[in-house]
Structure formats: C-alpha cells, structure tokens
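User: Hey, I've got a structure open and I'm a bit lost. Can you walk me through it?

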Amino acid sequence: MDHGIEINLNNESDFLKIVETLSRIGIMSSGNTVTQTCHILHKRGKYYILHFKELLKMDGVSKSEITPKDISRRNGIVKLLIEWNLCTSNVDMSPNSLSNIKIVSYKNKQNYVFKQNYTVGKVKRKKSAL
C-alpha cells in the first residue's frame with residue numbers, strides 16, 4: 001500500500017486499544033473540540049496508521065493535498081503508539097512532529113468533544129450528474 005505506515009500489533013486486543021487511543025489524539029479546534037488526525041486500517045491481514053487526508057484520497061472523495069506537516073504529525077503519532085507499547089513498526093518515520101497535536105488522557109475525555117473528518121468503513125461517493 002502506498003499510503004500510511006504499516007504497523008504490527010503486539011496482540012490482537014491492541015487493535016481496539018489503538019482505535020480508542022487515536023480517537024483522543026488530534027487538532028484542537030474551537031472550544032474543547034479535538035478533531036482526530038489518524039486512523040488505523042486493517043487491510044488484507046495488515047495494519048496501517050493513516051492520516052485522515054490519506055484515507056479521503058484513497059476513497060477518491062477529496063482532492064485536498066497531504067502536506068509534509070500532515071505526514072510528520074502522522075509519523076509522530078505512530079511513534080507515540082510504539083512508545084506506549086501498542087504496536088511496532090519497521091518503517092522509518094522521519095521526520096516526525098507533534099506540533100499542534102492535543103493528546104487527551106482517557107480519564108479526562110469527558111471534558112472534550114471529539115470529531116472525526118473520516119469514518120473507517122463508510123465511503124462517501126460523489127454523486128454523478130445525470
């Protein structure tokens with residue numbers, strides 16, 4: 001796959017842990033709203049962490065450009081998942097950055113509103129003009 005970072009789970013239960021963890025990592029917007037930056041994708045027996053713009057582009061529903069900053073943030077998030085022993089990866093994640101990223105702890109999540117720009121498994125196709 002040309003997008004994302006391939007990861008290896010330490011055990012199968014880590015998939016749901018990563019899904020939940022990624023839902024609490026993102027960009028702060030108005031007030032106490034956090035917009036999720038990355039998602040985990042399971043495809044053909046492999047797991048990938050992707051920036052939501054990569055997923056939109058793969059689905060063909062967005063022409064938005066994935067910037068080097070987006071990739072650097074994605075790489076920084078993957079590095080955190082590895083440091084937290086949720087996965088491993090053999091991919092070089094340089095450069096990586098957590099600039100503008102908010103990480104909400106599980107115990108404080110009730111104080112925030114979480115938003116997604118992409119939902120894995122729900123492809124929105126453009127309507128063709130008839």
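Analyst: Sure, and keep in mind that this is a predicted model. Let's start with strand S2, residues 25-28, which pairs with S3 in the antiparallel sense over 3 bridges. In that pairing, Gly-26 stands opposite Gln-36 in S3.

User: What do S2 and S3 form together, and how many residues are between them?

Analyst: They form a hairpin with 4 residues between them. Gly-31 sits in the turn and has a positive phi of about 60 degrees.

User: Which strand runs parallel to S3?

Analyst: That's strand S8, residues 113-115, joined to S3 by 3 bridges. Thr-33 stands opposite Val-113 there.

User: Are the two faces of S3 covered or open?

Analyst: Both are covered. Thr-33 and Thr-35 are buried on one side, and Val-34 and Gln-36 are buried on the other. As background, side chains in a regular strand alternate between the two faces of the sheet.

User: OK, new topic. What's the strand order in the open sheet?

Analyst: The order is S4-S5-S1-S6, so 4 strands, with antiparallel pairing. The edges are S4 (38-43) and S6 (87-88), each of which pairs on one side only.

User: How many bridges are there between S4 and S5?

Analyst: There are 6 bridges, and S5 covers residues 46-51. One spot to look at is His-42, whose bridge partner in S5 is Tyr-47.

User: Which helix packs on the sheet and touches S4 and S5?

Analyst: Helix H2, residues 52-59, does that. Its direction makes about 105 degrees with that of S5.

User: And which helix lies across S1, S4, S5 and S6?

Analyst: That one is helix H1, residues 14-23. H1 runs at about 155 degrees to S4.

User: Back to H2. Why is it called largely enclosed?

Analyst: Because 6 of its 8 residues are buried, H2 is largely enclosed by the rest of the structure. The buried ones are Phe-52, Lys-53, Glu-54, Leu-55, Leu-56 and Asp-59.

User: What do those buried residues pack against?

Analyst: They pack against strand S3 (33-36), S4, S5 and helix H3 (68-83). That brings us back to S3, the strand with both faces covered.

User: What follows H2?

Analyst: Gly-60 does, and its phi is positive, near 75 degrees.

User: Let's do charges. How many salt bridges are there?

Analyst: The count comes to 7 salt bridges. One of them is in H1, where Lys-17 and Asp-14 both lie, 3 residues apart, about one turn of the helix. Lys-17 forms a salt bridge with Asp-14, and their closest N and O atoms are 3.6 Å apart.

User: Is Asp-14 buried or exposed?

Analyst: Asp-14 is buried, with a relative accessible area of just 3%. Lys-17 is partly exposed, at 43%.

User: Which residue in H3 meets Asp-70 in a salt bridge?

Analyst: Arg-73 does, at 3.8 Å from N to O. Those two both lie in H3, 3 residues apart, again about one turn of the helix.

User: How accessible are they?

Analyst: Asp-70 is at 5% relative accessibility, so it counts as buried. Arg-73 is buried as well, with a relative accessible area of 10%.

User: Which residues are linked in a network of salt bridges?

Analyst: Glu-20, Arg-24 and Lys-109 are linked that way. Between Glu-20 and Arg-24, the closest N and O atoms are 2.9 Å apart.

User: Is Arg-24 buried or exposed?

Analyst: Arg-24 counts as buried, at 10% relative accessibility. Its partner Glu-20 is partly exposed, with a relative accessible area of 23%.

User: Last one. Which residues make the nonpolar surface patch?

Analyst: Trp-84, Leu-98 and Ile-103 make it, and the patch is about 250 Å². Ile-103 lies in strand S7, residues 101-103.

User: And why does Ile-103 count as partly exposed?

Analyst: Its relative accessible area is 36%. Partly exposed means in between the cut-offs, which are under 20% for buried and over 50% for exposed.

Key. Residues are numbered from 1 along each chain as its sequence is written. This is a predicted model: local features need pLDDT of at least 70, side-chain atom pairs count only at pLDDT 80 or more; totals for chains, interfaces and linings use all residues. Side-chain values use heavy atoms; hydrogens and water are left out. Two strands pair if DSSP finds at least two bridges between them. Contact means heavy atoms within 4.5 Å. Axes are lines fitted to C-alpha atoms, for helices over the stretch in contact, and angles run from 0 to 180 degrees between N-to-C directions. Buried means under 20% relative accessible area, exposed over 50%, partly exposed in between (1.4 Å probe, protein chains only). A salt bridge is a side-chain nitrogen of Lys or Arg within 4 Å of a carboxyl oxygen of Asp or Glu. Patches are made of residues with over 30% relative accessible area and no salt bridge: like charges are joined within 9 Å, nonpolar side chains (Val, Leu, Ile, Met, Phe, Trp, Tyr) within 5 Å. Accessible areas come from the Shrake-Rupley method with a 1.4 Å probe; for residues, only the protein chains shown count as cover.
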